[in-house]
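Biologist: I'd like a close look at one single part here, along with whatever it touches. Could you pick a spot and walk me through it?

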Amino acid sequence: MAEPGARAERSFAAGIKQYEKSKKQGGGIMNFNSNLQPVGIASRAALGITVAVFLSLWGAGAEAHEQTAPVMDLTPELLKIRDGLAKYKDPFVAVRDGYYSTVGCVEYPDGDMGIHFLNLALIGPEPDPAKPPILIYEPGSDGKLQLIAVEWFIPLATGVKGRPTLFGQDFEGPMAGHEPLIPDGLHHYDLHAWIYKKNRSGVFSHANPDVDCSKGATYPLREEPPRAVPHN
Ligand SMILES: [Cu+2]
């Protein structure tokens, strides 16, 4: 069981490394506009490997899982974003739009986070409220994935100037990457928004005490919050 998972993680890490390398070389391999732009051949290949491994792991276990949205205290702006992204309750729709699973279900000391689906084409220095680069799912006891949250993820390598804010909220970070899914050297800011599953720690908290990876996750992944890093 560990071997295919390790492969998927390496492929994802390879995609991220490709991304960092292209930034160091002054771009040209990938395009970081927040609009969906064609990405370069190398990164497409890396993503292709990730998707292939991921799809083979996933098999037929995941289907759209409709549920009644719980009553939540969301601003009109967040409600609009929730409606706009509701199609991603079907994880296959997310994959088709370039959100690829990072497989591990992240567990934190103050609550779990879930499985991140990352869309590299949406990564840039400015957060686009309508296009979060990450969708987060929780596997139920039946193994099916429920969309629970979204996350804006901004690597320092994008050239971001200072701490970003969205909806009047400061991003968390900058922090190191989350090994083993994201290389330690991928320093970044991030902001979570729990717009599909209520979070009693707060809408913008990074972890949710009511998310439980142990229910149905095939790859639970215990993590500590990554260390803080300077923004040079
Ligand atoms: Cu997260």
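Modeller: Sure, one bit of vocabulary first: helices and strands are DSSP runs, numbered from the N terminus, with H or I over at least four residues making a helix and E over at least two making a strand. Keep in mind that this is a predicted model: local features need pLDDT of at least 70, side-chain atom pairs count only at pLDDT 80 or more, and totals for chains, interfaces and linings use all residues. Residues are numbered from 1 along each chain as its sequence is written.

My pick is Pro174, which sits in strand β7. The bond between Gly173 and Pro174 is a cis peptide, with omega at about 0°. Most residues other than glycine have a negative phi, and most peptide bonds are trans. A little further along, Glu179 and Pro180 are also joined by a cis peptide bond, this one with omega of about 5°. Pro180 belongs to the loop between β7 and β8.

Now for where β7 sits. Seven strands make an open sheet with mixed pairing, in the order β7-β8-β4-β3-β2-β1-β9. The edges are β7 (172-175) and β9 (220-222); each has a single partner strand, so one side of each is left without a neighbour in the sheet. On average, neighbouring strands of this sheet are turned by 35° against each other, direction ignored. (That angle uses axes that are lines fitted to C-alpha atoms, for helices over the stretch in contact; angles run from 0 to 180 degrees between N-to-C directions.)

"Pairing" here means that DSSP finds at least two bridges between two strands. β7 and β8 (residues 188-193) run antiparallel and are joined by two bridges. In these, Met175 faces His188, and Glu172 faces Asp190.

On the far side of that pairing, what happens to β8 itself: is it buried or exposed? Six of its six residues are buried, so β8 is largely enclosed by the rest of the structure. (Buried means 20 or more other C-beta atoms within 10 Å of a residue's own, exposed means 12 or fewer, and partly exposed is in between, with C-beta atoms placed from the backbone.) Three of the β8 residues, His188, Asp190 and His192, point one way, while Tyr189, Leu191 and Ala193 point the other, and all are buried. β8 also runs antiparallel to β4 (residues 145-155), with six bridges between them. Asp190 turns up again here, as Phe153 of β4 stands opposite this residue.

From β4 you get straight to the core. A nonpolar core is a set of buried Ala, Val, Leu, Ile, Met, Phe, Trp, Tyr and Cys residues joined through C-beta atoms within 7 Å. The largest one has 40 residues, and those with the most contacts inside it are Phe117, Leu135, Ile136, Tyr137, Ile148 and Ala149. β1, β2 (111-118), β3 (134-139), β4 and β8 each supply at least two residues of this core. The largest share, eight residues, comes from β4. As an example, Leu135 is in contact with Tyr88, Ala94, Tyr99, Phe117, Leu147 and Val150, leaving aside its neighbours within four places in sequence. (Contact means C-beta atoms, placed from the backbone, within 7 Å.)

Towards the other edge lies β1 (residues 100-108), which is mostly covered, with seven of its nine residues buried. β1 pairs antiparallel with β2 over six bridges, and a hairpin of two residues links β1 to β2. On its other pairing, β1 runs parallel to β9, joined by three bridges. Glu107 takes part in both: Asp112 in β2 stands opposite Glu107, and Arg222 is its bridge partner in β9.

β1 has a backbone oddity too. Val103, in that strand, has a positive phi of about 70° although it is not a glycine. Val103 counts as buried because it has 26 C-beta neighbours inside 10 Å. Phe167 also has a positive phi, near 55°, but sits in the loop between β5 (165-166) and β6 (169-170). With 14 C-beta neighbours inside 10 Å, Phe167 counts as partly exposed.

To zoom out, the chain has four helices and nine strands, and buried residues make up 39% of its 232 residues.

Technical notes. Two residues are in contact if their C-beta atoms, placed from the backbone, lie within 7 Å.
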